[in-house]
Amino acid sequence: MKSSLLSGFILLIMTALAGCGTDAGSRFAARDTTVEYYRVFDIKTDAAREAVAGAATAGLNRNVKEASIATPAAEATELPGHFRMADPTSAAPGTAVDKSPSCEGAAWTAKAAPQIRGGDNMNMVACLFPYKNGYHLDMYAVFTKPEGGWLSWPRRVGGMMLGTPEKFTETTMLDIVRSIRANTKAQVSLVEAKPNLPGTPWLEGGDAPLAAAGQVSKP
């Protein structure tokens with residue numbers, strides 16, 4: 001009788017440990033996740049194109065110190081332009097696909113690859129497309145980040161204390177819009193956002209210009 005109870009008790013413990021091992025294995029499985037951000041804003045202002053481009057650069061410079069800025073000649077179109085994502089089938093076999101969008105037709109472009117804690121291979125692209133009623137500002141960012149694994153909890157604590165790549169991306173994009181709004185008195189509205197952008201954060205913190213007159217960075 002005692003032997004039977006002991007065997008049952010041992011079997012129960014082994015079953016519980018096996019279950020814990022399965023949960024732990026799932027919980028601590030490390031993986032890399034790709035994160036993409038996409039934002040489109042409509043901007044209506046009477047300010048000169050140079051002023052709008054300068055304000056966009058000033059907003060970008062608040063968070064990104066190294067970026068490739070260009071102000072190509074571009075004509076205002078009837079409808080707002082839109083960046084085009086790269087076609088995965090266009091890459092030669094065996095070569096990596098460049099997912100960065102094309103800014104053809106934009107009057108201001110910015111490309112950057114900032115090194116951010118918690119995120120790898122980050123790439124950011126912003127395009128300012130002029131049209132008859134104003135501008136469309138298209139912004140895109142993509143990065144990978146590690147998730148799970150034994151460092152999952154330390155990463156979470158570090159993110160709460162030092163920030164996350166998601167927070168950096170959102171702040172950078174919003175600062176560009178806020179700078180344009182503050183420096184050119186533009187009316188700004190959100191056209192599209194993925195992931196969702198709740199509220200109207202681009203209207204916050206923009207009562208005063210982010211750069212004083214004459215100090216807006218020139219692209």
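## F41 and its aromatic partner

F41 is buried in this predicted model, because its relative accessibility is 1% and the cut-off for burial is under 20%. Its ring pairs with that of W202, and the two centres lie 5.3 Å apart. With their planes at 70°, the two rings count as edge-to-face, since any angle over 60 degrees is placed in that class. W202 is buried too, at 6% relative accessibility.

The partners come from distant parts of the chain: F41 sits in strand β1, W202 belongs to the segment after β6, and 161 residues separate them.

## A second aromatic pair

How many aromatic pairs does the structure hold? There are two. Besides F41 and W202, Y38 and F83 form a pair, with 5.6 Å from centre to centre and 50° between the planes, which makes it tilted.

This pair also links distant parts of the chain, for Y38 is in strand β1 while F83 is in the loop between β2 (68-70) and β3, 45 residues apart. Both Y38 and F83 are buried.

## The overall layout

Stepping back, the protein has four helices and six strands. Their order along the sequence is α-β-α-β-β-β-β-α-α-β. Of the 219 residues, 37% are buried.

Which separation in sequence accounts for 75% of the contacts with a separation of 6 or more? Here it is residues 24 or more positions apart. As for the surface, the protein exposes about 12,900 Å², and 57% of that comes from carbon and sulfur atoms.

## The nonpolar cores

F41 appears again in the largest nonpolar core, a set of 34 residues. The residues with the most contacts inside this core are F41, I43, W108, L137, M139 and I180. At least two residues come from each of β1 (31-44), α2 (49-61), β3 (108-112), β4, β5 (134-147), α4 and β6. Which element gives the most to this core? That is α4, with six residues.

There is also a second core, separate from the largest one, made of ten residues. Among them are C103, A106, C127 and Y140.

## R39, a buried arginine

Strand β1 also holds R39. Is R39 buried or exposed? R39 counts as buried because its relative accessible area is 1%, against a cut-off of under 20%.

The side chain of R39 has polar partners. One is the side chain of E170, joined to that of R39 by a polar contact of 2.7 Å. Another is the backbone oxygen of P195, which lies 2.7 Å from a polar atom of the R39 side chain. Setting aside neighbours within four places in sequence, the contacts of R39 include L137, D138 and M139, as well as E170 and M173. The list also takes in E192, A193, K194, P195, N196 and L197.

## The cis bond before P195

Two of those contacts of R39, K194 and P195, are joined by a cis peptide bond with omega near -5°. P195 itself lies in the segment after β6 (187-194). This makes P195 a nice place to pause in the model, as the cis bond from K194 and the backbone oxygen facing the R39 side chain at 2.7 Å both involve it.

## Strand β4 and its neighbour

β4 runs antiparallel to β3, and five bridges join the two strands. Which residue of β4 is the bridge partner of A112? It is M124. Nine of the twelve residues of β4 are buried, so the strand is largely enclosed by the rest of the structure.

N121 is part of β4 (residues 120-131), yet N121 is exposed because its relative accessibility is 63%, and the cut-off is over 50%.

## Positive phi angles

N121 has a further feature to look at: a positive phi of about 55°, although N121 is not a glycine. K185 is likewise not a glycine and has a positive phi of about 60°.

Where does K185 lie? K185 is in the loop between α4 (165-184) and β6. With a relative accessible area of 63%, K185 is exposed.

Notes: Residues numbered from 1 in each chain as written. Predicted model: local features only at pLDDT ≥ 70, side-chain atom pairs only at ≥ 80, totals over all residues. Heavy atoms only, no water. Buried < 20%, exposed > 50% of the residue type's maximum accessible area, 1.4 Å probe, protein only. Contact = heavy atoms within 4.5 Å. Areas by Shrake-Rupley, 256 points an atom, 1.4 Å probe, with all protein chains shown as cover. Core = buried A, V, L, I, M, F, W, Y, C linked by side-chain atoms within 4.5 Å. Polar contact = N/O pair within 3.5 Å; in protein donor to acceptor, adjacent residues only side chain to side chain. Pairing = 2+ DSSP bridges. Phe/Tyr/Trp six-rings, centres within 6.5 Å; stacked < 30°, edge-to-face > 60°.
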